[in-house]
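Please open the model in a viewer and keep the sequence panel at hand. The tour below proceeds selection by selection.

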Amino acid sequence: MNVYRYIYFLFSCVLCFLVIFNDFDYSQNRNEDKIFLTPSSDSIKIDGKLDEEAWASAESLNRFVEYLPVEGRTPEVKTEFKLLYDDNYIYIGFVCFDNDVKLIRAIMGNKDTPIYNDDLIEVNIWPAQNPQVVYTMAVNPLNVQSDSYQGQINVDFDWRSAVSINKDNWSGEIALSIKSLRFAEGEKQEWKLLIKRFFPRSNSKIFTFPLISLNNFSEFNQAASILINERVGKIQKK
């Protein structure tokens, strides 16, 4: 019996070490995923084209990594996005490159039509440093929208989008009303961001920015940080 207890003790120690090591590894990666939000110098027209000068000056982020089915693999297609803001909106612009745009999959429908078998971009924002307060927006290449708040669907908040299917990509712009968001008062803000690209071809794949792992159940803890170094819009206390 003592031998079995000793083996169980060793197994428990090894398991605890693996869990701690996994959390440590991902916490180290978080230092690389800090995004400084750029104030927009232009009025952004939401048409899916990202052709204003402000987009050209915004940081381009493209470090997407495959999440499913093979975690950590380099995607075969490039995805990039940019962030801007003004007094009223947070803007997310994205470009989903494709080797053959004829293979893009998308259905038409009303808002909150099931689109998760389509090509799509999903944006998750946590503005309150609270893992429960998450705003999720998804849009497919035909601009069919889906959203949720705190995991609840059909709970509308103020955002709009437009998309464009181009020669070698599909692109889009999202404007999220700052007045819709709940976040703490302060001159500086640190929010969380996770973007997913769904890429259904012969095998359905999901790419994410930043890298997240199935071994860590908290997407909030693995999300990138958005840093805003000035007061944003009309502060909505959480």
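Begin by selecting Glu122 and Lys196, whose side chains meet in a salt bridge with an N to O distance of 3.9 Å; a salt bridge here is a side-chain nitrogen of Lys or Arg within 4 Å of a carboxyl oxygen of Asp or Glu. This pair links distant parts of the chain, with Glu122 in strand β6 and Lys196 in strand β12, 74 residues apart. Helices (H or I, at least four residues) and strands (E, at least two) are DSSP runs, numbered from the N terminus. Glu122 and Lys196 are both buried, where buried means under 20% relative accessible area, exposed over 50%, and partly exposed in between (1.4 Å probe, protein chains only).

The model is predicted: local features need pLDDT of at least 70 and side-chain atom pairs count only at pLDDT 80 or more, whereas totals for chains, interfaces and linings use all residues. Residues are numbered from 1 along each chain as its sequence is written, and side-chain values use heavy atoms, with hydrogens and water left out.

**Around Glu122**

Keep Glu122 selected and display strand β6, which covers residues 120–126. Glu122 counts as buried because its relative accessibility is 7%. Add Tyr116: its side chain and that of Glu122 are joined by a polar contact of 2.7 Å. A polar contact is a pair of N or O atoms within 3.5 Å; within protein, one must be able to donate a hydrogen and the other to accept it, and residues adjacent in sequence count only if both atoms are side-chain atoms. Next show the wider surroundings of Glu122, in which the contacts beyond four places in sequence include Thr136, Met137, Ala138, Leu194, Ile195 and Phe198. Contact means heavy atoms within 4.5 Å.

**The salt-bridge network**

Now select Asp119 and Arg201, which form a salt bridge at 2.8 Å, N to O. Asp119 lies in the loop between β5 (89–97) and β6, and Arg201 in the loop between β12 (189–200) and β13 (204–209), so the pair ties together parts that are 82 residues apart in sequence. Both residues, Asp119 and Arg201, are buried. Add Asp98 to the selection, and a network of salt bridges linking Asp98, Asp119 and Arg201 is in view.

For another pair, go to Glu80 and Lys78, where the closest N and O atoms of the salt bridge are 3.6 Å apart. Is each partner buried or partly exposed? Glu80 is buried, because its relative accessible area is 18%, while Lys78 counts as partly exposed because its value is 42%. The structure holds 9 salt bridges.

**The nonpolar cores**

Which members of the largest nonpolar core touch the most other members? Select Phe81, Ile92, Val123, Met137 and Leu193, which hold that position among its 40 residues. A nonpolar core is a set of buried Ala, Val, Leu, Ile, Met, Phe, Trp, Tyr and Cys residues joined through side-chain atoms within 4.5 Å. Centre the view on Met137: beyond four places in sequence, its contacts include Ile92, Ile121, Val123, Phe157, Trp159, Ile174 and Leu176, as well as Glu122. A second, separate core has 13 residues, among them Tyr67, Val134, Ala138 and Phe220.

**Strand β14**

Move to Ser225 in strand β14 (residues 224–228). With a relative accessibility of 4%, Ser225 counts as buried. Its side chain makes polar contacts with the side chains of Glu190, at 2.9 Å, and of Lys192, at 3.4 Å. Ser225 also touches Asp33, Lys34, Ile35 and Trp191.

**The surface patch**

Finally, select Met108, Leu142 and Ile165, a nonpolar surface patch with about 300 Å² of accessible area together. Leu142 lies in the loop between β7 (135–139) and β8 (145–149), and its 35% relative accessibility makes it partly exposed. Apart from neighbours within four places in sequence, Leu142 contacts Ala106, Ile107, Met108 and Val163. Ile165 belongs to strand β10 (residues 159–165) and, at 45% relative accessibility, is likewise partly exposed.

**The whole chain**

Zoom out to view the protein, which has 3 helices and 14 strands. Buried residues make up 50% of its 238 residues.

Conventions: Patch = residues over 30% accessible without salt bridge, like charges linked within 9 Å, V, L, I, M, F, W, Y side chains within 5 Å. Areas by Shrake-Rupley, 256 points an atom, 1.4 Å probe, with all protein chains shown as cover.
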